[in-house]
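Please open the structure in your viewer and get ready to select residues as we go. We will walk from one spot to the next and look at what is there.

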Amino acid sequence: MAPGGKGCLTVEKLLIEGPSRLAGEITVHGAKNSVLPLLAASMLCSAGCVLHNCPVLSDVETAMRILRHLGCQVEREGSSVFVDPAGMDRDDIPDCLMREMRSSIVFLGAIISRAGSARLSFPGGCELGPRPIDLHLAALRRMGAVIREDHGCLDCSAPGGLRGARISLSFPSVGATENVMIAASRADGTTIISNAAREPEICDLADFLCQCGAKISGAGESTIVIEGVQSLGGCEHRVIPDRIAASTFLAASAITGSKISLAGVNSIHLNPVLSVFEEAGCHIKCQEDRLEIAPPPRLCSVKGIRTMPYPGFPTDSQAPVMAMESLADGTSVFVENIFESRYKHVGELLRLGANIKVEGRVAVVEGVRRLSGAPVEAPDLRGGAALVVAGLAAEGRTEISGLKHIDRGYERLEESLASLGASILRTSS
Ligand code: UD1
């Protein structure tokens, strides 16, 4: 219930008056998808860790609450988060925290490694369709964990401690690769992960663990070798920039025909999306950690965007880029290969005047001349970001509800866009 509300719910909305013209520069925050496994890994250290460039996001706050629940000391000062795991005295994650953030499963390997046991509820299905964890469980079982799945709960123990193992993933799952890397860091012996995920967040996790004393090689490649060590120390680490937030700002620039700059980015991580923006007619200039984008007067269609594991086009950028292509000249085709149900934003984009048809994994976007503002609801995190992108270009007022999704992954999105000149504000009623 809303604070102070007697049976009333406070509903927050973003109000956008479009079309917007953007200009200027914004700094992109740290990567949500890095911070979560880094926070999980920090519980394995024998000394405190400091993570810099940690965005204030509801998912990050949930991860911090999980650590506190487990008995760790966690403090935030600005964008730095300090974790001292010395007092960790529990091995469970309550159902409410598991449900709040599906990716809390990435804590499993760390808890078993640290406590010798773990009790978690199933993360369950989510907005993107069923989200199985079979690869996580099979890998941890190979490392000696005994896992009972009963009544929606996972009851795990590793009586003899975790041991190194050969693990071959049938799909390069990001979360499963992270879980195994964390669990294997202090396991007895060597773990080899084949068909590992190669996302930049995997390299960030390996960098952090190695700074703490882990022995990991091959991160960023398909085979990762982790030689277990007796103990890990603490370290200070700066989280990599959020490539998905960056691609969302690029889509906002492109759809509004506005030249902007992004600071604090890693353009190599963005390579798979930059080529798509170039195909759409945008000029991109990269200099160290800055990037400038200059879109054409009208965007071109893109022939085929297939979401793939890194270094393919990221599934998380599919929705914002689709919103941008809804105003392009011609027909763009998207194929979603990672998640079953990742086109929930399409129905909402149609309300704004887009012309998109979905059949199974394929979405065909016929570019239209104009979008018009309307009330819409964020169906999930990146789908919500897509509505913000479209709302910036739509004529008139777009009212976006369902902000809890957007707040999971974008730090004060409306303030960043307003600083670029967008007419956007958050209201609550
Ligand atoms: C991570 C990202 C998410 C991104 C996704 C794909 C975080 C916190 N989240 O999610 O933003 O969209 O990578 O880049 O980093 N799968 C199984 N069994 C498993 C695990 C996964 O079948 O045990 C399937 C999933 O259903 C999905 C595919 O593998 O179809 C990819 O999932 P995965 O790479 O694990 O994504 P996440 O780590 O959950």
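## Stop 1: a closed cavity

Select helix H8 (243-256) and helix H9 (267-279): each of them supplies at least two residues of the lining of the largest cavity. Keep in mind as you look that this is a predicted model. Which helix gives the most to this lining? H9 does, with four residues.

Now show the whole lining: Arg-243, Ile-244, Ser-247, His-269, Leu-270, Pro-272, Val-273, Pro-314 and Ser-317. By class, these residues divide into five nonpolar, three polar and one charged. The space they surround is about 40 Å³. A search of the whole structure finds three cavities of 30 Å³ or more.

How can empty space be found at all? Rolling a probe the size of a water molecule over the atoms shows where empty space is left.

## Stop 2: two pockets

Next, select Arg-131, Val-174, Gly-175, Ile-338 and Phe-339. The largest pocket holds about 1200 Å³ of space, and of the 47 residues that line this pocket, these five are the closest to its centre. Colour the elements that give two or more residues to the lining: helix H1 (32-42), helix H5 (134-142), helix H6 (174-185), H8, helix H10 (315-325) and helix H12 (381-393). H1 gives the most, with four residues. The lining of this largest pocket has 22 nonpolar, eight polar and 17 charged residues.

Then move to Thr-27, Val-28, His-29, Asn-53 and Glu-411, which lie nearest the centre of the second largest pocket, among its 21 lining residues. Strand E2 (24-27), H8 and helix H14 (413-419) each give two or more residues to that lining. Which element has the largest share? H14 does, with three residues. The volume of the second largest pocket is about 350 Å³, and its lining is made up of ten nonpolar, six polar and five charged residues.

## Stop 3: strands side by side

Select strand E4 (residues 73-77) and strand E5 (residues 80-84). They pair in the antiparallel sense over five bridges. Click on Arg-76 and you will find Val-81 of E5 standing opposite. E4 and E5 form a hairpin with two residues between them, and Gly-78 in the turn has a positive phi of about 60 degrees.

Now look for an open sheet of four strands, in the order E6-E7-E9-E8, with mixed pairing. Which strands are at its edges? They are strand E6 (92-93) and strand E8 (146-150), each of which pairs on one side only. E6 pairs with strand E7 (residues 117-121) in the parallel sense, over two bridges. Select Asp-92 and its bridge partner in E7, Arg-119.

From E8, step into the loop that leads to strand E9 (153-157), where you will meet His-151. Its phi is near 50 degrees, a positive value in a residue other than glycine. Is His-151 buried or exposed? His-151 is exposed, because its relative accessible area is 78%, above the 50% cut-off.

## Stop 4: helix H7 and its surroundings

Start in the loop between strand E11 (190-194) and H7, where Asn-195 is found. Asn-195 also has a positive phi, near 55 degrees. With a relative accessible area of 31%, Asn-195 is partly exposed.

Now select helix H7 (residues 200-211) and try a distance check. At 1.5 Å a residue, its twelve residues should span 16 Å, and the end C-alpha atoms are 17 Å apart, so the two agree. The buried residues of H7 are Pro-200, Glu-201, Ile-202, Asp-204, Leu-205, Ala-206, Phe-208 and Leu-209. Just after the helix, Gly-213 takes a positive phi of about 115 degrees.

Pick the sulfur of Cys-203 too. Why is it not bonded to Cys-210? The sulfur of Cys-210 is the closest cysteine sulfur, but at 11 Å it is too far for a bond. Cys-203 counts as partly exposed, at 25% relative accessibility.

## Stop 5: two cis peptide bonds

Finish with two prolines. The peptide bond from Gly-18 to Pro-19 is cis, with omega near 0 degrees; Pro-19 sits in the loop between strand E1 (12-18) and E2. The bond from Tyr-310 to Pro-311 is cis too, with omega near 10 degrees. Look for Pro-311 in the loop between strand E18 (305-306) and H10.

Definitions and conventions: Residues are numbered from 1 along each chain as its sequence is written. This is a predicted model: local features need pLDDT of at least 70, side-chain atom pairs count only at pLDDT 80 or more; totals for chains, interfaces and linings use all residues. Side-chain values use heavy atoms; hydrogens and water are left out. The expected span of a helix is 1.5 Å times one less than its number of residues. Buried means under 20% relative accessible area, exposed over 50%, partly exposed in between (1.4 Å probe, protein chains only). On a 1 Å grid over the protein atoms alone, a cavity is a set of points where a 1.4 Å probe fits but cannot get out, and a pocket is an open set with protein on both sides within 12 Å along at least five of seven lines; lining residues have an atom within 4 Å of a point. Grid points are joined across faces, edges and corners, and a volume is the space filled by probe spheres set on the points. Ala, Val, Leu, Ile, Met, Phe, Trp, Tyr, Cys and Pro count as nonpolar, Asp, Glu, Lys and Arg as charged, and the others, Gly among them, as polar. A disulfide is a pair of cysteine sulfur atoms within 2.5 Å. Two strands pair if DSSP finds at least two bridges between them.
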